[in-house]
Amino acid sequence: QMIGIVCLEERKGMQFGGRRVSRDRVVTEKICELCEGKTLWMNPASEKLFAEQKESGKVTLQAAADFLEQAGEGEYCFVENTGLQAVKAKIEKIIVFWWNRHYPSDRKFDLDLSKWNKVSEEEFAGYSHEKITKEVYEK
């Protein structure tokens, strides 16, 4: 079972015109803290977001086009340009960073979180956003 990590705007948007909806270095740091001692899988297009942390050895990154299929038990997957519906049975937990803003988007998050149990919620100030909400969901 893997752990999915997504960043969403208020209407569950993930991307617009092939570009990420948002990026925030405080969120990137928090993701690396969460993944400490574990592997963080992602699509090669997402790898540059974590370049600084990778160089410093703060996180073990694995990038592959089929990263959702390759991720193993207890490993993390940063997802920003693909859906999760096809691997839903493989996900034990989803961590959502909400930007608390409306942005245009043409790729939406494809899981219904109302069918998951929210186990925690935390608000914090990001670098480029004054309020970001982190929510953790389990099956």
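User: What share of the accessible surface of the chain belongs to carbon and sulfur atoms?
Analyst: The model is predicted. Its chain has an accessible surface of about 7,100 Å². The part of this surface that belongs to carbon and sulfur atoms is 45%.

User: What radius of gyration does the chain have, and why does the value agree with a compact globule?
Analyst: The C-alpha atoms fill a box of roughly 35 × 30 × 30 Å along the principal axes. For 139 residues, a compact globule would have a radius of gyration near 14 Å, so the chain agrees with this expectation at 14 Å.

User: What percentage of the contacts with a separation of 6 or more joins residues 24 or more positions apart?
Analyst: Burial offers some context: buried residues, those under 20% relative accessible area, make up 47% of the 139 residues. Among contacts with a separation of 6 or more, the portion from residues 24 or more positions apart is 68%.

User: Which strands are the edges of the open sheet that contains S2?
Analyst: The chain holds three helices and 10 strands. Three of the strands form an open sheet with antiparallel pairing, in the order S3-S2-S8. Each edge strand pairs on one side only, and the edges are S3 (19-20) and S8 (107-108).

User: Which residue in S3 stands opposite Phe 16?
Analyst: Strand S2 covers residues 13-16 and pairs with S3 in the antiparallel sense over two bridges. Opposite Phe 16, the residue in S3 is Arg 19.

User: How far apart are the mean positions of the positive and negative charges?
Analyst: The chain carries 22 positive and 24 negative charges. The distance between their mean positions is 3 Å.

Methods. Residues numbered from 1 in each chain as written. Predicted model: local features only at pLDDT ≥ 70, side-chain atom pairs only at ≥ 80, totals over all residues. Heavy atoms only, no water. Pairing = 2+ DSSP bridges. Helix = DSSP H or I, 4+ residues; strand = E, 2+ residues; numbered from the N terminus. Rg over C-alpha atoms; globule rule 2.2 N^0.38 Å. Buried < 20%, exposed > 50% of the residue type's maximum accessible area, 1.4 Å probe, protein only. Contact = heavy atoms within 4.5 Å. Areas by Shrake-Rupley, 256 points an atom, 1.4 Å probe, with all protein chains shown as cover. Lys, Arg positive; Asp, Glu negative; His and termini not counted. Charge placed at Lys NZ, Arg CZ, Asp CG, Glu CD.
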